[in-house]
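User: I should like to learn how the descriptive terms used for a protein model are justified. Could the reasoning be set out step by step, with each value placed against its cut-off?

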Amino acid sequence: MIARIVLLWVNNHYNDFETNDEMTKLLERFEGALERDGMHSQQSLLNIACSVKARARTVIYTRANKDDPLHFAIQGGKESGCGIFVNEVQVDSPAERCGIKRGDEVLDVNGQPMKYMALAKAQEMLKGSISLTLTLKSNVLGFKELLGRSERDGSKVAAKNRALAGALCQSRGSIPNVIPVKTAKAVKIGGKQSLAFMAIGYITNSFFIAFVEIVKVGKTSMMDKLMTILKASKDGEDLPDEARTTMSPLRPSRSNPDITSISQYYGPVKSECPEHVLKIYRSDQTFKYLAVYKETTAQNVVQLALQEFNMTAEGSLEWSLCECTVTEDGVIKQRRLPPQMENLAERIALNSRYYLKNNNRSEPLVPDDLAPEIMREAQAQLLTLNAQVVAAQLTLQDFAVFASIEPTEYIDNLFQLESRYGSPRLEEFERIFNREMWWVATEVCSERNVQKRAKLIKKFIKIARHCRELRNFNSMFAIMSGLDKPAVRRLHSTWERISGKYIRMLEDVQQLVDPSRNMSKYRQHLAEVSQEPPVVPIYPVIKKDLTFSHEGNPTYCEKLVNFEKLRLIAKSVRAVSKLSSAPYEISSMAERSGGTISDALLHMNTFEGGNVATMRKGGRVIQPRKKVYEQALMVRKVKSYLDGLKVVDTESELDRLSYDIEPQQSGPRVRRAPSPSPSSVSSQSAESNSTDQRRFRGGGMFGVDSPQAVQKMLGLVQTSKSKGVPSPSQSPAFSSASRPLQRNVPRVSSRQQSVPTLQLQRTPSFKQEPVDLNKESSSVTTFYGADVLI
């Protein structure tokens, strides 16, 4: 029972252990107790939970000079098939005091990634710098896998040595020594322990198979067997027959989504075909497209390029891969890449090219007259980007942050608690929403060309629609909020150029976020899609629900804790956390909405080491290299554009930009004259779009479309009063029916309204009579008082 409680605690609130040294030591003692009592299955679950829930942290370690020891040792590296791990830390040393722990994985050193680095080079880098900025992450599972691999390699070497010694002894006619081998003690899983695991709900099919196999093995091979089965279930390999026979469907746990899907979170999915395509140039500016894997080194790329250029007669040692970059100042820089550098497709910048360079020549690879062309190709503007790729990239970035929010962050932020962990990821999620909202308004108000402004609005409408299809309601609502800014709504000349197709598309998205009845349409839709996560919900709605639950109910009732309020808040937090309980596989999400996603978007967003699972795609179709490269280039441009966003986050500055591009008109606004030679498409759609455009841009009062209609209505009122017949405008049904026509009309304040009011003079023969304020006439007298401007 104690093991079950601690496992639940670690899995649901691991930040309690990360932010407290005493709790970390308690967890280490607990793991030692599990190992001492032979509870290896519980120990495996503890290691998995710690590895999944751990977060990267930054540690600064300094020495007086380079001759001082590091006080810690590392292990692993590229030759071991894993990352760099800390395997030893001296007790009470500066390394231990600054936060370096045994089992930490070194992600990068001084900004240099360590994932694909050899052990010797990593040691050289650590010893060659006095001040080290280390990015570490506790990865007990990966560290024990490394130790198990090292132990197996050592056992194989010892076995070979024993076999060689036995052969030598037999050749000498002596009797070989018999080395006793201690048999491994089987671990029994059954009774209360098995029931405890099923009650926790951690056991999925993969874990159940692993535990069945663990019964037959000892502690030494237990971790290896577990990792092998997890990887086999992830890669789709065949499982043991005995495990299949004992496998039974188990209900997954709703309290811990990460553990139930650990096989999807562990490591990237290996692709059967090359994931990336590189564009390699020669000094004469000819190029070839090369299909490469993510692990393909620069030296291998040189060999492939020589084959593509039919230069196999020349030795590959005479050539190297060079990266040429054009800076913003027009300076051309080139550097030779290390032969063992990997992941070349993702690391290259937009203003860079890969060249095949002869080491015996010092000629420049990029001429000066080519630099402006490279800079033009490196520019990423929204109008040139694909709307679906932008929406998909926004979704992946939003979900990466949303899935990493700890449940305690909602509580700390709601009750304003000063905890050690705080709510960093929740605050970042809030900043993302505000940034996307201001981004939309900034892009529109910064464009001075009215035609391009209209195209930008169309682009944002398409992005919002794609976000809805990808279940990224947060970005969808942020874009809609940006288009609803007063600085954007008042741009009447721009909205006039939006066709009816996009207006209907905009209204379709607006219906989902209709604020009436507490956003009932959005809540109903969210309840439907939440049955199959993942979903990125609207953050303001989450904040509103939690705030109302907190402010609307007292925490204490007659000096007693109001547990009903706490249960209500816990239920809301649990419902929100469930939305990120499954990894975001963007290909399957696009297929649900009837769309497709390019392979480049999948391979350029693996989110390794984060909370987003590796995305998969089945049934891949081989495409031409040029098309794959262009798709990857689009993804790179979108990522570069989103990373460099500069937004205006003040209403006053947006108003200033809005009035600069469309000054407020002093006289009556004249409608734009039609084209002298209208096209067939515009003439066909003009009639069908006129109603929608007038309704969106704003019409007259009471749902009328023109000032002439207002005159006609006033004439009817005058005639009806002279005849003693009640006017249609006095009918409550008329006034109530006219309000829905104004639902989707952009609201323009009196201070910012650019459409001048139409002042109607009353007929001299008409004598205004006092009207009794009853239920039927109150709404009429409100609008038709003396000296009222319509």
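Analyst: A residue is called buried under 20% relative accessible area, exposed over 50%, and partly exposed in between. The model to which this is applied is a predicted one.

User: Why is arginine 656 called partly exposed?

Analyst: Arginine 656 has a relative accessible area of 42%. Partly exposed is the class between under 20% and over 50%, and therefore arginine 656 belongs to it.

User: What makes arginine 656 and glutamate 653 a salt bridge?

Analyst: The rule asks for a side-chain nitrogen of Lys or Arg within 4 Å of a carboxyl oxygen of Asp or Glu. For arginine 656 and glutamate 653 the N to O value is 2.4 Å, so the pair meets the rule. Both residues belong to helix α31 (residues 651–661), and because they are three residues apart there, about one helical turn separates them. Glutamate 653 is partly exposed, at 27%.

User: How many salt bridges are counted by this rule?

Analyst: The count is 21 salt bridges. One of them is formed by glutamate 342 and lysine 78, with 3.0 Å from N to O.

User: Why can glutamate 342 and lysine 78 be said to tie together separate parts of the sequence?

Analyst: Glutamate 342 lies in the loop between β10 (332–336) and α15 (344–347), whereas lysine 78 lies in the loop between β2 (72–76) and β3 (84–89). The parts are 264 residues apart in sequence, so the pair ties them together.

User: Which of the words buried and partly exposed applies to glutamate 342, and which to lysine 78?

Analyst: Glutamate 342 has 10% relative accessibility, and because buried means under 20%, that word applies. Lysine 78, at 32%, counts as partly exposed.

User: What is the distance in the salt bridge of arginine 347 with glutamate 323?

Analyst: The closest N and O atoms of arginine 347 and glutamate 323 are 3.2 Å apart; the limit is 4 Å, and therefore the term salt bridge applies. Arginine 347 is in helix α15 and glutamate 323 in strand β9 (residues 319–326), so this pair links distant parts of the chain, 24 residues apart. Arginine 347 is partly exposed at 30%, while glutamate 323 is buried at 8%.

User: Why are tryptophan 439 and phenylalanine 460 called an edge-to-face pair?

Analyst: Two values describe a pair of aromatic rings: the distance of the centres and the angle of the planes. Ring centres must lie within 6.5 Å, and planes over 60 degrees apart count as edge-to-face. The rings of tryptophan 439 and phenylalanine 460 are 5.1 Å apart, centre to centre, with 80° between the planes, so both conditions are met. Tryptophan 439 lies in helix α19 (residues 424–446) and phenylalanine 460 in helix α20 (residues 450–469), 21 residues apart. The structure holds 15 aromatic pairs.

User: How do you know whether tryptophan 439 is buried or exposed?

Analyst: The relative accessible area of tryptophan 439 is 2%; because buried means under 20%, tryptophan 439 is buried. Phenylalanine 460 is likewise buried, with 0%.

User: What makes lysine 485 a residue that lies over the face of tryptophan 438?

Analyst: The NZ atom of Lys must be within 6 Å of the ring centre and within 35 degrees of the ring normal. Lysine 485 is at 4.0 Å from the ring centre of tryptophan 438 and lies over its face. Arginine 490 lies over the face of tyrosine 659 in a comparable way, at 3.9 Å from the ring centre.

User: Why can leucine 566 be part of a nonpolar surface patch?

Analyst: A patch residue needs over 30% relative accessible area. Leucine 566 has 33%, so this cut-off is passed. Leucine 566 lies in helix α27 (residues 563–578). With Tyr556, Val561 and Phe563, Leu566 makes a patch of about 410 Å².

User: How do you know that the span of helix α24 is close to the expected one?

Analyst: Helix α24 (residues 500–512) has 13 residues and reaches 19 Å from its first C-alpha to its last; 18 Å is expected at 1.5 Å a residue. Its buried residues include Tyr502, Ile503 and Leu512.

Notes. Residues numbered from 1 in each chain as written. Predicted model: local features only at pLDDT ≥ 70, side-chain atom pairs only at ≥ 80, totals over all residues. Heavy atoms only, no water. Phe/Tyr/Trp six-rings, centres within 6.5 Å; stacked < 30°, edge-to-face > 60°. Helix = DSSP H or I, 4+ residues; strand = E, 2+ residues; numbered from the N terminus. Buried < 20%, exposed > 50% of the residue type's maximum accessible area, 1.4 Å probe, protein only. Patch = residues over 30% accessible without salt bridge, like charges linked within 9 Å, V, L, I, M, F, W, Y side chains within 5 Å. Areas by Shrake-Rupley, 256 points an atom, 1.4 Å probe, with all protein chains shown as cover. Expected span 1.5 Å × (residues − 1).
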